[in-house]
Number of protein chains: 2
Amino acid sequence: MSYKEKKVLPIGAVSELTGLSLRKIRYYEERGLLLPERSNGGTRKYSFNDVEKLMDIANHIEDGMQTFEIKKMQKKKKQKEKVRDEMIRGQLNAAFRMSK
Amino acid sequence: MSYKEKKVLPIGAVSELTGLSLRKIRYYEERGLLLPERSNGGTRKYSFNDVEKLMDIANHIEDGMQTFEIKKMQKKKKQKEKVRDEMIRGQLNAAFRMSK
DNA sequence: CGTGTAAGGAATTCTGACACG
DNA sequence: CGTGTAAGGAATTCTGACACG
């Protein structure tokens with residue numbers, strides 16, 4: 001796994017990087033838009049990927065989009081990626097069979 | 001600047017990533033092998049680059065090298081990089097003059 | 001709904017020092 | 001020299017709640 005995915009940043013760093021308040025960051029998590037890890041003590045740990053996701057979320061919020069709509073978009077995006085991956089895998093399998 | 005250089009990790013995360021104790025991490029800084037940033041409150045902030053540097057340091061320590069020796073090595077390494085960069089710049093300038 | 005804030009407590013980090021070797 | 005540890009304090013984060021709208 002690359003640095004971008006490592007869950008290591010404390011919420012304060014994320015707040016500085018994104019410009020979002022601690023309240024907002026925690027609220028977006030509450031709405032399921034984000035899933036940081038937790039330390040043994042219970043403190044949140046974020047990745048740089050989470051930071052990017054948050055900036056994306058912030059943009060949508062600014063545009064007047066509601067959290068549940070953003071949540072929907074995330075699901076659709078994941079669905080698209082899934083389909084695309086299955087397509088690729090299918091093509092590869094087909095090509096593999098052809099090669100024999 | 002890339003994620004790798006951003007000073008954002010708290011010392012606890014660095015400890016987990018490197019497997020080094022907090023004491024060791026702070027001590028290597030005291031010896032000048034490392035220069036994390038500080039938050040307003042005074043807490044240390046590390047980059048992934050610092051994490052890599054620490055694993056390097058740990059290896060040298062295991063080999064019985066002393067901190068001042070590691071410090072020397074770091075200086076030599078920097079010197080080499082500097083010379084190399086100047087070489088490249090020189091070559092580029094020469095090529096540029098030739099092209100006119 | 002999305003966000004600010006005050007409140008009390010818990011987790012994290014800080015420094016300087018003593019210990020051992 | 002390099003590292004562990006106990007000590008006291010400060011910075012950071014956590015949760016649940018009230019407020020506004």
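**A walk through chain A and the core it shares with chain B**

Chain A has 4 helices and 2 strands. Follow the sequence from its start and they come in the order α-α-β-β-α-α. Keep in mind that this is a predicted model.

Now look at the overall outline. The C-alpha trace of chain A spans about 55 × 35 × 20 Å along its principal axes. Its radius of gyration is 18 Å, whereas a compact globule of 100 residues would come out near 13 Å. As for what is tucked away, 28% of the 100 residues in chain A count as buried. The chain exposes about 7,200 Å², with 52% of that coming from carbon and sulfur atoms.

What about contacts along the chain? Take the contacts in chain A with a separation of 6 or more: 56% of them join residues 24 or more positions apart.

Next, the interior. The largest nonpolar core holds 34 residues, and A:Leu9, A:Leu54, B:Leu9 and B:Leu54 are the ones with the most contacts inside it. Both chains feed this core: α1 (11-18), α2 (22-30) and α3 (48-62) of chain A each give two or more residues, and so do α1 (11-18), α2 (22-30) and α3 (48-62) of chain B.

A:Leu9 is a good place to zoom in. Setting aside neighbours within four places in sequence, its contacts in its own chain are A:Val14, A:Leu17, A:Arg44, A:Lys45, A:Tyr46, A:Phe48 and A:Val51. From the other chain, B:Val8 and B:Leu9 also touch A:Leu9.

Finally, the charges. Chain A carries 23 positive and 14 negative ones, and the mean positions of the two sets lie 6 Å apart.

Note on methods: Residues are numbered from 1 along each chain as its sequence is written. Chains are lettered from A and ligands numbered from 1 in the order in which they are written. This is a predicted model: local features need pLDDT of at least 70, side-chain atom pairs count only at pLDDT 80 or more; totals for chains, interfaces and linings use all residues. Side-chain values use heavy atoms; hydrogens and water are left out. A nonpolar core is a set of buried Ala, Val, Leu, Ile, Met, Phe, Trp, Tyr and Cys residues joined through side-chain atoms within 4.5 Å. Buried means under 20% relative accessible area, exposed over 50%, partly exposed in between (1.4 Å probe, protein chains only). Contact means heavy atoms within 4.5 Å. The radius of gyration is taken over C-alpha atoms; the globule rule is 2.2 Å times the number of residues to the power 0.38. Accessible areas come from the Shrake-Rupley method with a 1.4 Å probe; for residues, only the protein chains shown count as cover. Lys and Arg count as positive and Asp and Glu as negative; His and the chain ends are not counted. The place of a charge is taken as NZ of Lys, CZ of Arg, CG of Asp or CD of Glu.
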